Amino acid sequence: MKGEKVIPSIQYLDNMVFERVVVIGKNGFVGKTLIEHLSKHGINSCNLGRDDIDLTSKDAINFFSSKIKPRDAIVFAAGDVPVKTMDQLNANLIGIKNFVEGVNEIDVAQLVYVSSDAVYMDSTEPLVENSIRAPENLHGLMHLTREVFLQSSRLQYALCIVRPTLIYGSRDPHNGYGPCSFMRLARKGKDIKLFGAGEELRDFIHISDVARVLTEIVMQGAVGQLNLASGTINSFAEVARKTLEIVNSNSKIIENPRIGRIPHNGFRPFNISNLKSFLPTYMPIPINEGLRIMNAEMSVDNSNLNF
């Protein structure tokens, strides 16, 4: 498979020095794991969440203008997601607008925006950073609008947009269709119900790989655009079968008639050449190992089953 031409998508800020990392979205799946990863590397962070400020409030503008300092490296991983309604869409756009108005006059060291692969148009070829951005749902539209807004702001000089594919891990708060919900069902002895035959092929990235790459982006002062993926595709049916094997569960895999068309035409691979160029040591956790990690973590902390 030849695929689209890969255009280098990462540059580096000259003499970038940051004094701390500000993580916006401290209680989210990505934010919480990133904070732990930064701490393990001895990186000072200021962590902000909904209990600190409502992004949709006008108070957010003054909050950020007083909280953010020059030479802060900011990772923005906050939002009401997944976006399924117009109210959610509007709230997320108001939130990014208030944030930008609050920090627009501050010379931040870097701004990393955690977007989503949902911004891309479906393709018969592996996706790359320069693939066409034309989302087909409100979630992708929200992220694309935020991306364009940030790229049009004064903060564009410090901006790095990352687009993770389907993230999984034991603390996934969304419990969406895929590895995490399959694992929770298997551990409870409940059947895994597939959409159709679970034949669609997707790339799955473990949350610890996402946190690792985000940390490297900050440490290296990277700007531009970067897809976060494993570079390997598996079907949902394969993931379900592997899950049952790892858990040694008596649960069954049930195929159900599919309602509507198959998402992404059943095919969502990534060319991760730019990611490997940026981080030559990048060796993503294979899905088998990621599922084993998730199972072990859920064995230690049963609260991760309560969804």
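A nonpolar core is a set of buried Ala, Val, Leu, Ile, Met, Phe, Trp, Tyr and Cys residues joined through side-chain atoms within 4.5 Å. The exercises below apply this term to a predicted model.

**Exercise 1.** Determine which residues have the most contacts inside the largest nonpolar core, and which elements build that core.

*Solution.*
Step 1. The largest nonpolar core comprises 37 residues, and Val162, Val213, Ile217 and Leu226 have the most contacts inside it.
Step 2. Elements giving two or more residues to this core include the strands β2 (20-24), β4 (72-76), β5 (110-114), β6 (159-164) and β10 (222-228). The helices α1 (29-40), α6 (207-220) and α8 (273-278) also do so.
Step 3. The greatest contribution comes from α6, with six residues.

**Exercise 2.** Identify what Val162 touches, leaving aside residues up to four places away in sequence.

*Solution.*
Step 1. In one stretch of sequence, Val162 touches Val112, Tyr113, Val114, Ser115 and Ser116.
Step 2. Val162 also touches Leu214, Ile217, Leu226 and Leu228.
Step 3. Apart from the largest core lies another core of 29 residues, among them Val22, Ile68, Ile106 and Leu159.

**Exercise 3.** Assess whether the radius of gyration of the chain agrees or disagrees with that of a compact globule.

*Solution.*
Step 1. For 307 residues, a compact globule would have a radius of gyration near 19 Å.
Step 2. The chain has 19 Å, and therefore agrees with that expectation.
Step 3. Of the 307 residues, 51% count as buried, and residues 24 or more positions apart account for 82% of the contacts with a separation of 6 or more.

Note on methods. Residues are numbered from 1 along each chain as its sequence is written. This is a predicted model: local features need pLDDT of at least 70, side-chain atom pairs count only at pLDDT 80 or more; totals for chains, interfaces and linings use all residues. Side-chain values use heavy atoms; hydrogens and water are left out. The radius of gyration is taken over C-alpha atoms; the globule rule is 2.2 Å times the number of residues to the power 0.38. Buried means under 20% relative accessible area, exposed over 50%, partly exposed in between (1.4 Å probe, protein chains only). Contact means heavy atoms within 4.5 Å. Helices (H or I, at least four residues) and strands (E, at least two) are DSSP runs, numbered from the N terminus.
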